[in-house]
Amino acid sequence: MTKASDTTLDRKIITFSLGQQTFGIDMRAIIEIREWEEPTPLPTVPSFIKGVTNLRGNVVPVVGLAERLGWEPSKIHSRSCILVVNINGKQAGFLVDEVADIVAIASAEIQPAPDVEIGEPSVISGLIRITVRGKGEEKEAGQMVLILDLDALSLTKHMDIAA
Amino acid sequence: MSDELDEIQAIFFEECAEGLTAAEAGLSAMKAGDADAETIASVFRAVHSIKGGAGAFGHVDLTAFAHRFENVLDEVRAGRIAPSAGVVKVMLSSFDILSDHVAYAKGSAERPNDTAALTALEEILKNGGAGDAGEAPAAPVAEAPAPPPAEEEDPFGFTPVLVSLDDFDVVAEPAAAPPAADGDWIVCFGPSRAALSNASEPMLVIRELESMGAEIVHVDTSALPGLRDLDTEDSYFIWKLIAPGTLSESEIRDCFDFVAPDSLIEITRCEAAPAAPVLEIEIAPVEAAPTISDDTFVPIEPIVSAAPAAPQLRVVEVDDPGKPARMEAAAQTIRVDLGKLDMLLNLVGELVIRNSILADRLSPQDQQRVELPELARLTRQIQDNVMSLRAQPIKQAFSRVPRMLRDLGEATGKQVNLITTGDTTEVDKAVIEKIGDPLTHMIRNAVDHGIESTEKRLAAGKPAEGTIHLSAEQKGARIFVRVKDDGGGINRERVRAKAVERGLIAADAVMTDEEIDQLICAPGFSTAESISNISGRGVGMDVVRSNVEALGGRVEIQSVPGQGTSITMILPLTLAILDGMIVKLAGQRFVLPLASVVEAVRPEPGQVMMTTPGNEVIEMRGQYVPVKRATDIFGIADTRKPEEALVIIVESESVGHVGLMVDTIDDRREVVIKSLDQNLHPIRGLGGATILGDGSIALILDIEALVSHPTAHRFAMKGMAA
């Protein structure tokens, strides 16, 4: 992992699971990780917006990330949590199934996302294979992580729908 | 009055600083070659606003200079002069002179020499920027000498807020603060040589004073000569003591009964105000001290100066009576970054919530044991105080209007009467600061364009004196600031013709009256025949609209020909306090603005009737009032029988009384409005959200949006989304 110069570990991502998939978000965008807490529902918003919650005096929308990506809504369980992120100065909370790890990656190793992967390819900015901590020496058996493009997930993109 | 004026002036200078920052940014962008229309317009607006305010406060030089500067900017904006390097250079140096003029108007600098700049500006006007070719090579050199503005500008964009610290005046002058508390006696005792030779032991006197509660605070030894010159028979010390104010003067004086009369004995009372007693201290000793021989009096000087700093202050008092007051004012307010206040408010909110969590988790006995109620009370007080820091009465913005009207009246020869209502409405500080400029323009427009000349008014059968009604009012989550005149109304034909002439609309455009009225907000629009000092350049309403939109609000114009125009700024209260009623609607808590609540009723069977499927009315004392359910509002299922619910009758502007069917009324409390668009986007029917005591969020209902027909809100949403 330490040899070539183009594999410098220059980024950190936080990895989490949604259903069977593992996703990653750039660490720099993360504000905090919170336990799941039922948000206050909002009327007349798309169903993936679960509502709003209180983050130290800020009213922050909570997004069901699975629904946002077009999958079955996540079931709430004991490890469900909310990843609070900063998207262009606006805060949003993403409901995820389980937060896994913080991993250092090399930007150079990120592969562009194949367009056929998901219905909405623009929300995935790239793919990367990581080794899973705790799973021993089997370096080959890495795990594929889908890195999310937060800008594409911005809630205010849906302004037109709501207004 | 002068205090009030100072306060308004202070706001003006804050605005100047903001305007100068904006102008500088724009000019720098132009210098860098980015001379698009918006940049030029922003510089123009800034200079125009400074000119407007300066005129209102009678800063003749500043107004005159800004006017010339503006002339050039106007030409540039109109595209008649190209913003070439040479022109921008002149404008930048003019900007510096403008900053100096502002500083001069403020009294913090000498009057700048603006002759050269004025000549350069005139030159540009005359040549249309043609002289530029010769100057262009000089432009790069100009970069270095172009000095930063004399005005200190805040590179971080802080919005300062004045916080009054009434109780800190003592701390403000720690060096001068006398150690004595208010009302205490200050006793100075310097026994004379005669006293010592009479064997009156100063120690005894001091001991007696100490037994009465006095304390030595200072011993003046400055009269003590060198060892060689020391006369062991003489006395050189002067003791200064503080005696409790509860003693009477005669009690203290009694201690000195046996002291030789030529000793120095001064007894003065320490007064409450530190500055005021200064003169008394100087005068009192003369009366209080018995005969003082010349040689004993000499050493007294240092004592007094070491004591309550009296001599220094006295000098100030005599030289400039106005100065101490100003020093005091400066000491009692501090500027605080608004962001810090917000942070504080959020943290205090958290504290309140933690408090309620503690209250939930601890048994009543444990709560008492850890004195939780006391903590809760304190927290509540902190919260109230922090909230009050941000909310300010709108009076601050209104108070400059009367003076402005007087000046405008003088300039136009129109008589204008002002009626102000709702000036105690509390508005967020940021909002007050931002509406100053638009308000100036609205008032000027009303006087210059709205109110007709006296002759015309009389001919139209109106009173000679025009009336401007300035009002502020909080409705739900919005603040309405309205300037209403009883003038001639908007001349729509003329507005239309001008708009066509300026190419703002097509000659054959089909427009409603309202749309034509909105044209007066277009940049550069003006119907005035000549450009006056007051208005006519067409930036005025543009400023109003852009400032209001920057705050997330909108401008409404209503005009009736012959009867007058009313221009309303509708502003959101990003961080305002709302008196709300907390209700449950389909199991969820909502906040209903209390101001719109008329009454609440529990319907009798049959009192609520269905008119058509989905439409219900309630019979209230013979009147039928439409009833809305949560279903109608948010599509939440609600199939309860009316008898099980409560109907709250609310007052709405658009449709009058409307009943809202709710489950229960939970509470009534003041809530802090948090806008949803900070992190999301505005949602129709909601005026925002608030955080309740338990940390949960309740949504604030926007009555107007709820009760009126959805299509009627097309415009409102457009305004909010922008």
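## Report on a predicted model of chains A and B

Chain A holds an open sheet of 5 strands in the order E3-E6-E7-E5-E4, with mixed pairing. At its edges stand strand E3 (30-35) and E4 of chain A, each with a single partner strand, so one side of each is left without a neighbour in the sheet. On average, neighbouring strands of this sheet are turned by 30° against each other, direction ignored.

This is a predicted model, in which local features need pLDDT of at least 70, side-chain atom pairs count only at pLDDT 80 or more, and totals for chains, interfaces and linings use all residues. Residues are numbered from 1 along each chain as its sequence is written, while chains are lettered from A and ligands numbered from 1 in the order in which they are written.

Helices (H or I, at least four residues) and strands (E, at least two) are DSSP runs, numbered from the N terminus. Two strands pair if DSSP finds at least two bridges between them. Axes are lines fitted to C-alpha atoms, for helices over the stretch in contact, and angles run from 0 to 180 degrees between N-to-C directions.

### Strand pairing

The table lists strand pairs with their bridges and one facing residue pair for each.

| Strand pair | Sense | Bridges | Facing residues |
|---|---|---|---|
| E3(A) and E6(A) | antiparallel | 5 bridges | Ile33(A) and Leu83(A) |
| E6(A) and E7(A) | antiparallel | 7 bridges | Val85(A) and Ala92(A) |
| E5(A) and E7(A) | parallel | 3 bridges | Val62(A) and Gly93(A) |
| E2(B) and E5(B) | antiparallel | 6 bridges | Trp185(B) and Arg269(B) |

A residue is called buried if 20 or more other C-beta atoms lie within 10 Å of its own, exposed if 12 or fewer, and partly exposed in between, with C-beta atoms placed from the backbone. In E7(A), 5 of the 7 residues are buried, so this strand is largely enclosed by the rest of the structure. Strand E5 (residues 264-269) of chain B is also largely enclosed, because 5 of its 6 residues are buried.

E6(A) and E7(A) form a hairpin with 2 residues between them. Asn88(A) lies in the loop between these strands, and its phi is near 50°, a positive value in a residue other than glycine. Asn88(A) is exposed, with 9 other C-beta atoms within 10 Å. Most residues other than glycine have a negative phi.

A second case is Glu371(B), which has a positive phi of about 55° although it is not a glycine. Glu371(B) is found in the loop between helix H18 (364-369) and helix H19 (372-390) of chain B. With 11 other C-beta atoms within 10 Å, Glu371(B) is exposed.

### Chain B and its helices

Chain B contains 29 helices and 24 strands, and buried residues make up 39% of its 722 residues. Two residues are in contact if their C-beta atoms, placed from the backbone, lie within 7 Å. Among the contacts in chain B with a separation of 6 or more, 71% come from residues 24 or more positions apart.

The expected span of a helix is 1.5 Å times one less than its number of residues. H2(B) has 20 residues and reaches 28 Å from its first C-alpha to its last, close to the expected 28 Å. Of these 20 residues, 16 are buried, so H2(B) is largely enclosed by the rest of the structure. Gly58(B) follows H2(B) and has a positive phi, near 75°.

Helix H21 (residues 401-412) of chain B has 12 residues and reaches 16 Å, close to the 16 Å expected. Its buried residues include Val401(B), Met404(B), Leu405(B) and Leu408(B). They cover an arc of only 100° around the axis, which puts them on the same side of H21(B). The arc is that of the directions from the helix axis to the C-beta atoms. The face turned away from the buried side of H21(B) carries the exposed residues Pro402(B) and Glu410(B). Among the elements that cover the buried residues of H21(B) are helix H2 (37-56), helix H22 (429-450) and strand E10 (466-475) of chain B. Just after H21(B), Gly413(B) takes a positive phi of about 75°.

### Contact between the chains

The contact takes 23 residues from chain A and 24 residues from chain B. On the side of chain A that touches chain B, the elements that give two or more residues are strand E4 (49-55), strand E5 (58-64), strand E7 (90-96) and helix H3 (159-162) of chain A. E5(A) gives the most to this side, with 4 residues. By class, this side has 13 nonpolar, 8 polar and 2 charged residues. Here Ala, Val, Leu, Ile, Met, Phe, Trp, Tyr, Cys and Pro count as nonpolar, Asp, Glu, Lys and Arg as charged, and the others, Gly among them, as polar.
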